[in-house]
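Student: Could you take me through a close look at the strands towards the end of this chain, and at what packs around them? I would like one connected account rather than a list.

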Amino acid sequence: MPSRQKFLKSFPSAAFIILITFILSLSIAQTAFAAEGQKASHPSEGLFLVQIVLLVVSGRLLGELMVRIGQPSIMGQIIAGIILGPSLLGLAFPHVQASLFPSNEAQKSMADAVGQLGILFLLLLAGMETDLGLAKRLRKSAAGVSLTGIVIPFAAGFALGELLPDALLPDPEKRLVTSLFLGTALSISSVKIVASVVREMDFMRRNIGQLIVASAIIDDTVGWVIIAITFGLAEKGMVDLPTLATSVIGTLAFMAVSFTVGRRIVFEIIRWTNDNFRSDLPVLSAIIAIMGTMAIITNLIGVHTVLGAFVAGILVGESPILTRQIDVQLRALTTALFMPVFFGLTGLQTDLTVLADPSILLLTAAVVLIASIGKFGGAFAAAKISGYSASEALALGCGMNARGSTEVIVATIGLSVGVLDEKLFSVIVAMAVITTMAMPPTLRWALARLPLREEERDRLEREQFERESFLANFERILLAVDGSQSSRLATWIAAFFAATHKMPVTVLDVREADDARENAETPARSSSQARTVADDLRQCATDLLSSAPPEKNMAAQGDIHVTIREKDDKIEAVLDDVSGTGHDLLFTGIEPSMGDDGRFSAPLQTMTSAFHGTSAIVTARGPLPERPQDLRILLPVSGTERSVRAAEFGLSMAKAAGVHCTLLLIVEPRQVSALPRISDRDNDQRDVLNKVGAIADYYGVELKKVVQQGPSPELSILRHARGGQYNLIVLGVSKRASGSLSYGSVADTLLQTADRSCIFIETDLANAPAVTN
């Protein structure tokens with residue numbers, strides 16, 4: 001109620017703003033026309049800008065109003081176009097509408113070009129939002145729901161096209177292709193609309209919410225393949241079997257190459273651009289080039305460019321580097337410019353006055369009915385067959401009955417190739433608007449009736465842990481090595497994270513002289529040594545993957561990304577540079593690790609200070625085991641959040657290597673004066689043990705828990721490490737303010753006296769990048 005009251009209060013002012021903007025835009029347009037004169041044969045740049053500004057502003061304002069009443073913003077953008085088109089403005093003020101949007105082709109082509117780019121960017125963004133992992137996990141249920149939800153309305157739409165009178169067809173000789181377009185338009189759900197409503201209802205991680213989105217993803221993917229092939233038929237105007245075979249085979253080959261070698265190529269382009277360019281937004285330019293290239297390829301094989309843009313978006317979305325930044329940049333450009341222009345132009349081309357014709361009105365009602373019943377019925381039946389309850393099947397049927405942007409794009413393509421005329425185009429757009437605006441309230445009603453299952457509650461708790469996890473903050477590792485035993489251990493640890501978290505690793509050999517000109521052979525030798533480290537890392541990660549049981553759910557071998565960075569400048573400059581390319585976790589495996597003052601060495605101080613992220617210092621002591629699987633990890637913790645984060649770090653390593661792991665909780669001796677607080681301290685200890693135990697359960701690691709009391713934590717750690725024959729201690733630390741690098745007395749003492757390997761990882765929140773959900 002408060003939000004509704006707020007909306008009602010803000011509606012008059014918002015409507016007034018829209019009205020004033022509209023009047024001002026008309027005045028600008030008339031002024032521009034007066035200045036341009038009547039040069040009908042020459043397009044006016046001034047009028048083009050007026051059109052763009054008017055579509056963007058009116059689409060944004062009406063989109064805002066739609067969001068406030070619980071509708072998708074694109075509905076406001078389409079309605080803005082309808083208001084500015086022949087349906088309203090053209091009906092009330094035909095001369096003004098003709099002045100703003102003249103019919104001469106030269107002028108129309110300017111705005112249409114932006115609209116055509118808009119289609120590609122919309123499909124690129126839709127692909128980036130496509131979660132293939134979700135579709136794979138629910139592939140059986142989702143495929144059944146999607147296919148029945150496509151086949152039934154597609155067949156009904158195709159039959160409707162075959163039964164339409166010739167008078168309602170733009171070209172009776174192209175009836176088959178028109179029928180195919182109608183079937184496609186009635187059968188596909190809009191994954192963007194579906195996902196936005198499910199996300200708004202906080203059902204994105206619920207079982208039924210995931211099934212709805214996964215089914216919509218398959219809908220979209222299959223739909224764009226159908227659209228691309230149908231477009232090839234539309235250009236021929238008939239069923240040409242050789243052409244059809246070429247399109248189908250070409251599409252299958254394109255998809256196969258894209259999702260195999262294409263995935264790697266796209267990642268390498270993004271990585272290389274990100275790491276080597278210093279100008280603003282280079283990755284965005286690379287993504288646009290990838291999208292354009294793949295769209296051109298699909299055009300050359302005889303299918304529509306939208307398929308290339310959509311697949312490019314999927315591959316870009318799977319890139320492990322800078323996906324958050326890319327998403328923000330592309331979303332901003334698409335949302336601010338291309339979406340309001342494209343959907344506004346769609347509204348401009350929609351003439352709702354045709355609904356005054358009883359036959360067209362009846363056809364529209366039939367199309368809406370067929371689309372709704374076919375989609376709802378197909379999804380409902382498939383859900384029941386798959387064993388879902390009636391309430392879940394009801395929610396699924398409601399969720400799949402949204403067309404939105406997908407059908408608008410289909411209708412636009414059909415209109416552009418001549419298989420739809422303005423009447424059928426308006427009918428399809430009207431159907432898309434009606435079904436899309438009906439979907440949110442019906443889906444909200446259906447989802448509100450669903451109970452939470454026990455297994456679903458457990459899964460949601462696990463996913464909540466993933467979102468709050470310390471390791472979820474990191475995207476990319478920098479591995480600094482010098483050929484020492486510490487480098488070997490650091491390489492193993494980097495391989496653990498490459499295998500379990502799909503984190504790309506960059507290897508930096510720090511051994512060359514600060515001035516490479518003193519020794520021309522040094523860079524080449526260092527590059528060779530770095531390649532050896534990179535090969536060892538890949539081999540270690542591959543061995544871990546091949547030996548891991550299926551339930552470990554680790555990365556695929558093709559997801560191991562290792563690159564090499566040359567030390568072509570002072571180490572401070574190199575680390576400052578790589579920090580700006582998405583590297584946020586530094587593993588340093590260099591020797592000596594200790595300086596003359598008993599604290600960490602000067603090179604380590606320089607490196608941790610220059611790197612703008614979280615640092616983990618790896619120091620090897622004693623003989624290393626022959627294999628990473630022979631490590632035995634000790635996790636000392638106290639009651640601090642810092643030590644719990646370090647425990648998660650160690651547990652993730654234990655998961656990757658399948659090694660023994662022990663939690664050592666160190667407590668100080670109780671003082672007599674603290675007796676009233678003993679109960680509180682016991683509770684704190686239980687909380688720490690329970691928290692780390694929950695993390696171990698998430699990673700599937702069998703954890704031994706030991707509570708030890710003593711006045712000296714460092715001595716307790718070393719005594720237990722020796723007694724239990726542990727060969728790796730993982731300690732969470734925090735940098736101290738001093739002239740040299742120090743992490744406090746416990747870390748300094750372990751550095752000086754430990755006879756086994758240690759990892760000192762900075763676990764302060766200030767050092768970790770923020771998670772973006």
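Tutor: What follows goes from the whole chain to its strands, then to one helix, some unusual backbone sites and the parts that call for caution. This is a predicted model, in which local features need a pLDDT of at least 70 and side-chain atom pairs count only at pLDDT 80 or more, while totals for chains, interfaces and linings use all residues. Residues are numbered from 1 along each chain as its sequence is written, and side-chain values use heavy atoms, with hydrogens and water left out.

The chain has 28 helices and 10 strands; helices (H or I, at least four residues) and strands (E, at least two) are DSSP runs, numbered from the N terminus. Of its 773 residues, 55% count as buried, where buried means under 20% relative accessible area, exposed means over 50%, and partly exposed lies in between (1.4 Å probe, protein chains only). Among the contacts in the chain with a separation of 6 or more, 81% are between residues 24 or more positions apart, a contact being heavy atoms within 4.5 Å.

A good place to begin is strand S5, residues 614-619, where six of the six residues are buried. Both faces of S5 are covered, with Thr614, Ala616 and Val618 buried on one side and Ser615, Ile617 and Thr619 buried on the other. S5 runs parallel to S4, to which four bridges join it, and two strands are said to pair if DSSP finds at least two bridges between them. Within that pairing, Leu586 has Ser615 of S5 as its bridge partner. S5 also pairs with S10 in the antiparallel sense, again over four bridges, and here Ile617 stands opposite Phe760 in S10. S4, H24 and S5 together make a right-handed β-α-β unit; a crossover is right-handed if, with the strands pointing away from the viewer, the path from the first strand over the helix to the second runs clockwise.

Strand S6, residues 632-637, is mostly covered as well, since five of its six residues are buried. S6 pairs in the parallel sense with S7 (residues 660-667) over six bridges, and Leu635 has Leu663 in S7 as its bridge partner. Helix H25 (residues 641-657) joins S6 and S7 in a right-handed β-α-β unit. S6 pairs in the parallel sense with S9 (residues 728-733) too, over two bridges, with Ile633 opposite Leu728 in S9.

Helix H28, residues 745-753, has Ala747, Asp748, Leu750 and Leu751 buried. Seen down the axis of H28, the buried residues fall within an arc of 165°, so they line one face of the helix; the arc is that of the directions from the helix axis to the C-beta atoms. These buried residues of H28 pack against helix H27 (713-723), S9 and strand S10 (757-762), which brings the two strands S9 and S10 into the surroundings of this helix.

Some backbone sites in the loops deserve attention. Most residues other than glycine have a negative phi, and most peptide bonds are trans. The peptide bond from Glu591 to Pro592, however, is cis, with omega near 0°, and Pro592 is placed in the loop between S4 (585-589) and H24 (602-610). Gln725, a residue other than glycine, has a positive phi near 55°; Gln725 lies in the loop between H27 and S9 and counts as exposed at 62% relative accessibility. Lys502, with a positive phi near 55°, lies in the loop between helix H21 (485-501) and strand S2 (505-509), and this lysine is partly exposed, with a relative accessible area of 44%.

Finally, a word on confidence. The chain averages a pLDDT of 79, and 82% of the residues score at least 70, pLDDT being the predictor's confidence in each residue, from 0 to 100. Over residues 671-678 the pLDDT stays under 50, and the model has one contact beyond four places in sequence for this stretch. Over residues 766-773 the pLDDT is also below 50, yet this stretch has 18 contacts in the model beyond near neighbours in sequence. Where pLDDT is low, the predicted coordinates should not be read in detail.
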